[in-house]
Structures are given as C-alpha cells and as structure tokens.
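Colleague: Please take a close look at one part of this model for me, the pairs of charged side chains. I'm new to this, so go slowly and show me the surroundings too.

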Amino acid sequence: MASLRLVTLASVSVLCGAFVPLSSTVNQARVGSNGLRMIDPMVVDTEVISSFSQVMQQSSAQMGELMSSVESSTSSLAFSDQGQNLAGIFFQASLLPYLLFLYFLSFRANRINNIGNFGFQFILLFVVSTIPSGIISRLTYGCSLADVDWLHGGAEFLLTVANVLIVLGFKEASTNPQPPEIGSKRNLALGAFGLFAAACAAGPSLGFEAHSPFLLGVGDLSADATAALPWVTHAEPVNALSVPTWAIHFSSVIEYLIAMNLVWKYAEVTDNEKWKGLTWGMLPLHASGICACTYHFFYNPSSLQFLVAMQAGFTLLGNLTCAIAAFRIALSNGWGVQELNPFSNDDPGKLAADGAAAVPLNLREAEESNFLLAAKVVGLTVFFSYLVKYGELGLDLPFEPNAFAALAITLGIPAITGFQYYQKSNASEGEGGGFNFMGDKSLSMDDVKKYGVAGTVAYVLTELAFWVVAFPVAATALYKSTGHWPDVVNEAGDRAAVLGFIFAGANIARAFVPLRLGAALALAPWVDENLLKGDKSTEDTQTSS
C-alpha cells in the first residue's frame, strides 16, 4: 500500500508540474480593445503540447510497470484500464486531434475569452486524472474505474469543472463588457485537481473501498427508504452510481449542451459564422457523454462493453471535428503558416492578426443572470439524478441489458440535439423543411451528386458515422460468439472476424440506403456553408441541375 501511495503521488506530481506551462500561458497574452486577453498560440504550441507529451510518456511508463504486476483479466474493462482493444486505441488516437484543436482555438484573432479557453484546456487534466485513478482501481480493487464510485465521481468532477469554465467564459464574453479575470477561477480549478490528486494518494489508506460512494454518498437514500418506494421492484446492484456521481454526470451533460448553444451564439458576437461549425464539431463529444451515461444506466455490464468502444470512437471523431472547426475559425481570422515562426513578429500577417484581435465584440443582452442559470442547472441535475438512480429500480430494462435499447439511447439523444441545430440553421437561412425526404425510396446517388462537392462530402460523413457504430457492434458480436473481446492488434483471427461481421452488417444496411441518402442530403447544405463556404463549383452544379 505504501508503494502504491508513492507511485500515485509521483505520477500526480509529474502531471501537476507539466500543467503549469499550460496555465501560465494565460499571462503571456496580448490585450485587445475589448478587454479580452488573447493567448499567443505559439506559447500554447511549444509549451502545452511538448509538456503534455512528456506527461503522457512518463505516465504511460509508470502505468506499464504497475500493470505488469497485475494478473491479466478475462475481459477488457472500461476507461483508463483499456489495453490494446478498440476503446484504448481510439482514446489514445484522440489526443493529438484535441491538442491541435486547442492550438487553433487559442489563436489570438479568434477573440476567445480566457476563461472559456482555459476550460477547454482543463479537459486535459480530466483525461490525465484517469491514469492514476485507473491504476488504483485495477491494482487496489481489481475493478474498472467505472465501478469504483469514489474515484469515478472524483475524476468526472474535473470534467464538470471544465464545462463550467467553458460556459462561464463564453457567457461572460458574449454579454459582459468587462468579463471577469481568469485568476481566481483558474486557481479554484487547479485546487480541485489537487484535492482529487490527494484523494488518489490517501484514499485507499483511509479505508475507501471499491464501492465507497463519492462524497460519502450525500443525498443517497438508505436501503430501507429505497425499498419502501412504491415502484421499486429490484434491489440496487453494489456497483450502482451514488447520487453525487450521477449528479456529476448529468451536470456535465447539461453544461455541455449549454456550452454548445453559447458557442453557436458566439458566431453573432464575433460576426463569424464559422463558430457554428464548432457547435457541430462538439456534437460527437456530446454523444460520447451519452454513451457513458447509458453504460452506467445498465450498471456497467460486460455484455454492453461495446458502449465503451463507442464512447471512445465518438471521442476520437469529436476531437477530429472540433480540430477541423477550430482550424476553420483560425483560418477565417487570418491564421497562416507565419504563425509557426516565433521570430517574425513584424510579419504583415501577424500584424493583421493583432489588429483582428483588437476588434470589439458585438455584445448581446444576457438572457438570464449567472445565478439563475446555475439554479436551473442544479435543479435539473438533482431531478435527473434521483429520477434515474431510483426510478430505474422499478424497470426491468436496466437489469436485462439490451443492446438495441442501449443503441437507441446513445444515438437517439444526440440525434435530437443535432436535429435542433439543423432546424436553427435552416431558420437562420430562411429555409424550410428538414427531414421530410428521409426514407423516400425514390432517392438515389444522383440526388446527392446534384449538390456537387458538398453532396459528396456529406455522403462520406454519413458513411463515416456508420463505421463509428459498426466497429463497436462488430466487437460485441464477436464477444457474444467467442466469449472474448477482439484483439485487433495482435490477433489476425480477431481482425478477420470483426471485418466479417462488419461486411455482413454493411449488406444488411443496404436496406436502409434511402435513409442514408436522405441523411447525406440533409447534411449537404451545412457542409456547403460550413466546410466548403459556398464552393462555387457546388453552386454552379446546383444551378445547372
């Protein structure tokens, strides 16, 4: 146990030390006439990315040494204790796109508020925090992090902190002529990380067990009170999330939805429609969060392990789309290759970017106070936490895991969110309709081609969405057939089996070609506006048709 505490303290101290350059970049900034401090992207590039790379290398080495002493498990479990399965591969691959996203987002001419920008950066600490917590979960308790409530809730709390910073930053920048300084907010956020680090180091020695509830389970009903509820027909499993941990999950989802809406509105504040593209880019990350909540709704069963792979897949896809969106924002605001040269401060392009950074924002009137917004978030969080934790005890579904129901939840909720923004996009352009043509069997690839390049790109994106779902489903099919999860890196037989399942699924999916074509047609106008910016060849194609 003493060696575990030393390893945990060592890894956490390395992580804390490496994050100092990230937070210190706030002080190395230019100040525009709007009062916003604009971070120099070169500082973020050279310090944050190199520091975080060193962190990941050192932490990975420590994790490898520790994990070699643990007996191999017969099934792959969730989150940071992933090995060479799909989830682990996707999570690892998602890091570089996110670092690129942070770099382009921090471009000074984007005029992003320091608090919101730091919120996006703070998500890195959430990701890093799963390393020591995952080690402790496996080494001390022999469980997945998802089943160790006090560590699970503590790590997820850091994500909530990040989302609060993003919401506060964009809200204040959009409505307040003198937005608050980042200092105290940054210190509080880093303090929260420090508390979690201390808990990781001391928790096991203080008697915290595998299923000890987060925050001592404040708000949880007693077993007798739970059994007395009139609708309860099932006993709660030992790995059920506590009320505080459910609250952390729901608050994160709610705050992220608010952040997406604020980013959408930031297009008006900056007179740059490219910001709406970032909202679309954030949609897969919203789906990733829904995957995690769905997995917990079913009490983290091994039969629904594909949800973890889907979560990782959506994280990778979301980090890619956010990186693309941030690049487009930076490019529209004057970013160029000259920004990569730290010694050309008198470059005309850099001077133009400095001028763009000083342009005042078009502030809008606040729809509600920060207090009222916080009260709404807290109210919704408490309501959904109790509803799900104790309401599902009266249902059979959570105790009889159903892959189709799980897919309906994880894909349905993000689809509703995406449809709302599709309607917003149409309303802003004065267009009507929406998904009226979905399912029309008269649709063909010729209809997609009428949109030219935009139609082709939209069709590629819809097919990519199919593959994001196909891999986790194929992995689950292999698990049901063989009893083990596929090792696509080391086992050629597993690779062949997964590809075989996907091929079979692709043939079944042909029955839904009209739906897929309709989705591509629905996406084509947005692709044209946000990715191609009204590409002339696309317009000419539509006119001639």
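Modeller: Here is a walk through the charged pairs, followed by some of the helices and rings. This is a predicted model, so local features need a pLDDT of at least 70 and side-chain atom pairs count only at pLDDT 80 or more, while totals for chains, interfaces and linings use all residues. Residues are numbered from 1 along each chain as its sequence is written, and side-chain values use heavy atoms, with hydrogens and water left out.

Let's begin with the idea itself. Side chains of opposite charge can pair when their charged atoms come close. The whole structure has six salt bridges, the term for a side-chain nitrogen of Lys or Arg within 4 Å of a carboxyl oxygen of Asp or Glu. In one of them, R108 pairs with E339, and their closest N and O atoms are 3.1 Å apart. This pair links distant parts of the chain, 231 residues apart: R108 is in the loop between α4 (95–105) and α5 (114–141), and E339 is in the loop between α11 and α12 (348–357). The α names belong to helices, which are DSSP runs of H or I with at least four residues, numbered from the N terminus.

Are these two partners buried or exposed? R108 is buried, at 1% relative accessible area, and E339 is buried at 1% as well. Buried means under 20%, exposed means over 50%, and partly exposed lies in between, using a 1.4 Å probe and protein chains only.

Another bridge joins K276 to E273, with 3.0 Å between the closest N and O atoms. Here K276 counts as buried at 9% relative accessibility, whereas E273 counts as partly exposed at 37%. K376 and E368 also meet in a salt bridge, at 2.8 Å from N to O, and K376 is partly exposed, at 45%. Bridges that share partners also join R108, E339 and D354 into one network.

Now for the helices around these loops. Helix α10 (residues 274–297) and helix α11 (residues 306–332) have axes that come within 8 Å and cross at roughly 165°. That makes α10 roughly antiparallel to α11, the word for angles over 145 degrees. Axes are lines fitted to C-alpha atoms over the stretch in contact, and angles run from 0 to 180 degrees between N-to-C directions. The residues of this contact divide into 17 nonpolar, ten polar and two charged. In this count Asp, Glu, Lys and Arg are charged; Ala, Val, Leu, Ile, Met, Phe, Trp, Tyr, Cys and Pro are nonpolar; and the others, Gly among them, are polar.

Further along, P348 is found in helix α12 and is exposed, at 62%. The C-alpha atoms of P348 and Q338 are 9.2 Å apart, and the two are ten residues apart along the chain.

Last come the rings. The structure holds 21 aromatic pairs, meaning rings of Phe, Tyr and Trp (its six-membered ring) whose centres lie within 6.5 Å. One of them, W150 with F208, is edge-to-face (planes over 60 degrees apart), with 4.9 Å centre to centre and 70° between the planes. W150 is buried at 5%, while F208 is partly exposed at 28%. Elsewhere, Y98, F101, F120, F170, Y266 and W275 form one aromatic cluster.

Key:
Helices (H or I, at least four residues) and strands (E, at least two) are DSSP runs, numbered from the N terminus. Angles under 35 degrees count as roughly parallel, over 145 as roughly antiparallel, 65 to 115 as roughly perpendicular and the rest as oblique. Rings of Phe, Tyr and Trp (its six-membered ring) pair if their centres lie within 6.5 Å; planes under 30 degrees apart count as stacked, over 60 as edge-to-face and the rest as tilted.
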